Structures are given as structure tokens and as C-alpha cells.
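Student: I have a model open and would like to talk through its side chains and helices. Could you take my questions one at a time?

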Amino acid sequence: MDPEAARKAKESLDLVFHMSNILETGLDRHTLSVLIALCEHGLNPEALAAVVKELRREPHASSSSLPASPAL
């Protein structure tokens, strides 16, 4: 990526991150970057938003609730 394109991409991500903070989404820069890339590849933004909401509703799995890995 040329320096000008990299600068514009960083500025765009900074702006999206700032908007995300104003809206109190709780999304970090990396997550926003991944979501933007998915949208740029044609995924439906509303579907992605629904997935993010659903993932936030699910309780986080603790290490004790994970299935044991098979012995090698």
C-alpha cells in the first residue's frame, strides 16, 4: 500500500473509531477494522451488526467449561 493510501486508511479508521466511541459501541480499533474489511468484501453491514449483537449476548466460555482436548 502506498503511503498516501495508508494515511487515508488510518484517518478513516480514526474517524470510525471516534464515532464508535461517541456511540459507546465498545468496539476496539481492530474489531472495527475487521468489520470494515468484511463490509468492503460485500458482507451485509446489518447482518454483521446482528452477529456482533448476538455474540455479545452469549456468555463468555470459561476455560473450565471448555471440552478437554484429546491427548496427543
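Student: Which residues are linked with Arg 7 in a network of salt bridges?
Tutor: Happy to start there, with a predicted model in which local features need pLDDT of at least 70, side-chain atom pairs count only at pLDDT 80 or more, and totals for chains, interfaces and linings use all residues. Residues are numbered from 1 along each chain as its sequence is written, and side-chain values use heavy atoms, without hydrogens and water. A salt bridge here is a side-chain nitrogen of Lys or Arg within 4 Å of a carboxyl oxygen of Asp or Glu. The residues networked with Arg 7 are Glu 4 and Glu 11.

Student: What is the N to O distance between Arg 7 and Glu 11?
Tutor: Both residues sit in helix α1, four residues apart, about one turn of the helix; helices are DSSP runs of H or I with at least four residues, numbered from the N terminus. Their side chains meet in a salt bridge with an N to O distance of 2.4 Å.

Student: Is Glu 24 buried or exposed?
Tutor: Glu 24 is in the loop between α1 (3–22) and α2 (29–40), and has a positive phi of about 55 degrees although it is not a glycine. Buried means under 20% relative accessible area, exposed over 50%, and partly exposed in between (1.4 Å probe, protein chains only). With a relative accessible area of 71%, Glu 24 is exposed.

Student: How far apart are the end C-alpha atoms of helix α3?
Tutor: The expected span is 1.5 Å times one less than the number of residues. For the 13 residues of α3 (residues 45–57), that gives 18 Å, which agrees with the end C-alpha separation of 19 Å.

Notes: Helices (H or I, at least four residues) and strands (E, at least two) are DSSP runs, numbered from the N terminus.
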